[in-house]
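Please open the structure in your viewer and keep the sequence panel visible beside it. The tour below proposes a series of selections and describes what is found at each.

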Amino acid sequence: MHEFTIAIAGCGPAGLAAALLLARGGHSVVLYDRFPAPQPVGSGLMLQPSGMAVLARLGLAGAIQARGAQIERLLGLCADGRTVLDARYDELPGPPAQGLGIHRASLFEVLLDAVTAAGVPLVEDHQVTGSSVRGNGRWLQFADKSEAGPFDLVIDGLGLHSPLAPPCGRSLPFGALWTTLPWPQDGPFRRDRLEQRYRAAREMVGVLPTGTRPGHGEELSLFWSLPADGYEGWRARGLAQWRAEVTALWPDCAQLVAQVSDPDQVTMARYAHRELPAPAQDRLIHIGDAWHTASPQLGQGANMALLDAWAVAEAARLTRDPRAIPALAVQLRAWHVTLYQWATAFFTPLYQSNAAFPAWLRDTLLAPASRHWPGKQIQALLMSGLAGNPLPRLGLTRIGQDRA
Ligand SMILES: Cc1cc2nc3c(=O)[nH]c(=O)nc-3n(C[C@H](O)[C@H](O)[C@H](O)COP(=O)(O)OP(=O)(O)OC[C@H]3O[C@@H](n4cnc5c(N)ncnc54)[C@H](O)[C@@H]3O)c2cc1C
């Protein structure tokens with residue numbers, strides 16, 4: 001075992017999973033985050049069989065599954081009732097598979113508890129502003145002008161706006177409003193489905209079951225597509241107008257939007273599409289959203305972050321030279337990352353665009369093709385995060401699949 005000193009910047013899924021894996025691998029790890037006290041950022045998300053493979057090897061799959069909602073199917077209907085998206089996990093070959101809808105706070109809590117139990121120090125209230133190599137290690141710089149180091153390796157898990165990564169990529173024309181609401185016990189929604197309704201690709205409303213968050217009971221995430229520059233206008237038009245628009249598209253949502261009495265219950269998420277050209281640098285690697293960001297339409301970001309974290313730990317296991325870790329980890333992940341960047345860039349406009357062509361393509365060509373072999377299997381592979389076969393090269397297997 002080779003013990004390296006490693007600083008991890010950022011306590012999202014990428015940073016927390018990397019901290020746990022590397023600490024368990026015998027390395028000396030310290031985590032930094034800007035928050036004054038540990039807290040997750042954002043709302044509900046989908047964990048896929050790809051990300052669950054990492055959580056299973058961390059011994060956390062059971063705890064995560066107990067908090068989330070097992071999702072069997074992703075169903076999308078047009079306003080006129082036509083089904084244009086019906087992706088089922090049971091189309092995957094191999095052991096039974098599901099997605100897991102979960103509140104971000106639940107994922108965060110399970111990972112943080114494990115990191116704390118592993119004895120990893122978490123330094124809060126430290127806004128990272130930069131890093132540099134001096135002598136035999138890399139240093140981190142903070143907003144209060146203090147520094148920490150030298151480290152054999154710095155891992156950048158600071159997310160989309162990482163100050164350690166050069167700007168790249170583009171903002172997407174659409175984002176979405178997100179809110180977390182109590183699950184309606186006698187409502188029309190199914191606990192095992194992520195459902196969406198569309199008007200062409202201009203409007204989209206979705207309901208994602210997110211299981212039971214401790215202290216909150218059973219919940220769901222409601223999301224509503226909105227142009228990236230549309231938030232101020234949405235607030236100005238008022239909640240009554242929004243409730244009417246959502247209900248016109250999907251009448252079952254009336255009881256959900258009726259619970260939103262204050263616009264501050266709803267958060268605007270803006271999306272970006274970017275991939276760093278050089279994620280591996282001298283004693284520095286960018287992982288998760290700091291390396292690659294895409295619209296959440298395919299539900300992959302947190303799962304990709306977990307796979308990236310696993311790749312760094314795997315690279316640290318394989319080499320005695322900490323300077324070799326970044327390139328090795330990137331090599332293990334690059335193909336899958338690039339494949340999903342392309343796939344997400346292709347699929348996102350089919351669901352979020354003002355143009356007529358993407359919705360026409362979705363409804364008249366892709367929807368019929370996805371109902372038959374091999375379309376429905378390809379769709380299930382893409383949704384599950386398993387397209388491109390990312391697990392074997394990382395030494396991972398799906399839950400329920402025997403290890404070689
Ligand atoms: C609305 C929405 C829905 C999504 N749905 C899904 C989904 O269904 N499935 C899925 O897999 N993914 C989804 N994603 C994407 C997913 O949330 C991200 O890909 C994932 O959170 C990335 O994890 P990360 O650890 O790389 O970064 P983050 O989760 O962004 O964590 C970054 C951490 O760094 C800290 N930080 C940031 N800057 C600094 C600084 N300068 N100094 C110190 N600390 C700092 C932050 O406080 C935070 O703790 C969604 C994203 C959005 C916005």
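The stops that follow concern a predicted model.

**The ligand and its shell**

Begin by selecting the ligand together with the residues around it, of which there are 35. Those that come nearest are G10, G12, G159, G288 and G301. Colour the shell by class: 19 of its residues are nonpolar, 13 are polar and 3 are charged. Next, display the secondary structure. At least two shell residues come from each of α1 (13–24), β3 (44–47), β14 (174–182) and α8 (301–318). Which element gives the most to the shell? That element is α8, with 4 residues.

**Helix α8**

Select α8 on its own. The helix has 18 residues, and the distance from its first C-alpha to its last is 26 Å, close to the 26 Å expected at 1.5 Å a residue. Is this helix largely enclosed or largely open? Since 16 of its 18 residues are buried, α8 is largely enclosed by the rest of the structure.

**The largest nonpolar core**

Now extend the selection to the largest nonpolar core, a set of 113 residues. The residues with the most contacts inside this core are A17, A18, A19, A309 and V312. Here too α8 gives the most, this time with 12 residues. Centre the view on A17 and leave aside residues up to four places away in sequence; A17 then touches V54, L58, L111, L306 and A309.

**Strand β3 and its partner**

Return to β3, one of the elements supplying the shell around the ligand. In a regular strand the side chains alternate between the two faces of the sheet. In β3, G44 and M46 point one way, while L45 and L47 point the other way. These four residues are all buried. Add strand β7 (residues 99–103), which runs antiparallel to β3 and is joined to it by 4 bridges. Which residue of β7 stands opposite M46? The residue is G101.

**A sheet of 3 strands**

Select β13, β19 and β22 next. They form an open sheet in the order β13-β19-β22, with antiparallel pairing. The edge strands, each pairing on one side only, are β13 (170–171) and β22 (292–293). Strands of a sheet pair through backbone hydrogen bonds, either parallel or antiparallel. Between β13 and β19 (residues 272–275), the antiparallel pairing extends over 2 bridges. To locate one bridge, select S171 and its partner in β19, A272.

**V133**

Move to strand β9 (residues 128–134), where V133 lies. V133 counts as partly exposed because it has 16 C-beta neighbours inside 10 Å. Show D282 as well: although V133 and D282 are 149 residues apart along the chain, their C-alpha atoms are separated by 7.6 Å. Not counting residues up to four places away in sequence, V133 touches R138, D282 and R283.

**F4**

For the last stop, select F4, in the segment before β1 (5–9). Is F4 buried or exposed? With 20 other C-beta atoms within 10 Å, F4 is buried, the cut-off for that class being 20 or more. Add R320, which is 316 residues from F4 along the chain; the C-alpha atoms of the two are separated by 9.1 Å. Finally, display the residues that F4 touches, again not counting those up to four places away in sequence: H27, D152, L153, A316 and P322.

How values were computed. Residues are numbered from 1 along each chain as its sequence is written. This is a predicted model: local features need pLDDT of at least 70, side-chain atom pairs count only at pLDDT 80 or more; totals for chains, interfaces and linings use all residues. A residue is near a molecule or strand if its C-beta atom, placed from the backbone, lies within 6 Å of it. Ala, Val, Leu, Ile, Met, Phe, Trp, Tyr, Cys and Pro count as nonpolar, Asp, Glu, Lys and Arg as charged, and the others, Gly among them, as polar. A nonpolar core is a set of buried Ala, Val, Leu, Ile, Met, Phe, Trp, Tyr and Cys residues joined through C-beta atoms within 7 Å. A residue is buried if 20 or more other C-beta atoms lie within 10 Å of its own, exposed if 12 or fewer, and partly exposed in between; C-beta atoms are placed from the backbone. Two residues are in contact if their C-beta atoms, placed from the backbone, lie within 7 Å. Two strands pair if DSSP finds at least two bridges between them. The expected span of a helix is 1.5 Å times one less than its number of residues.
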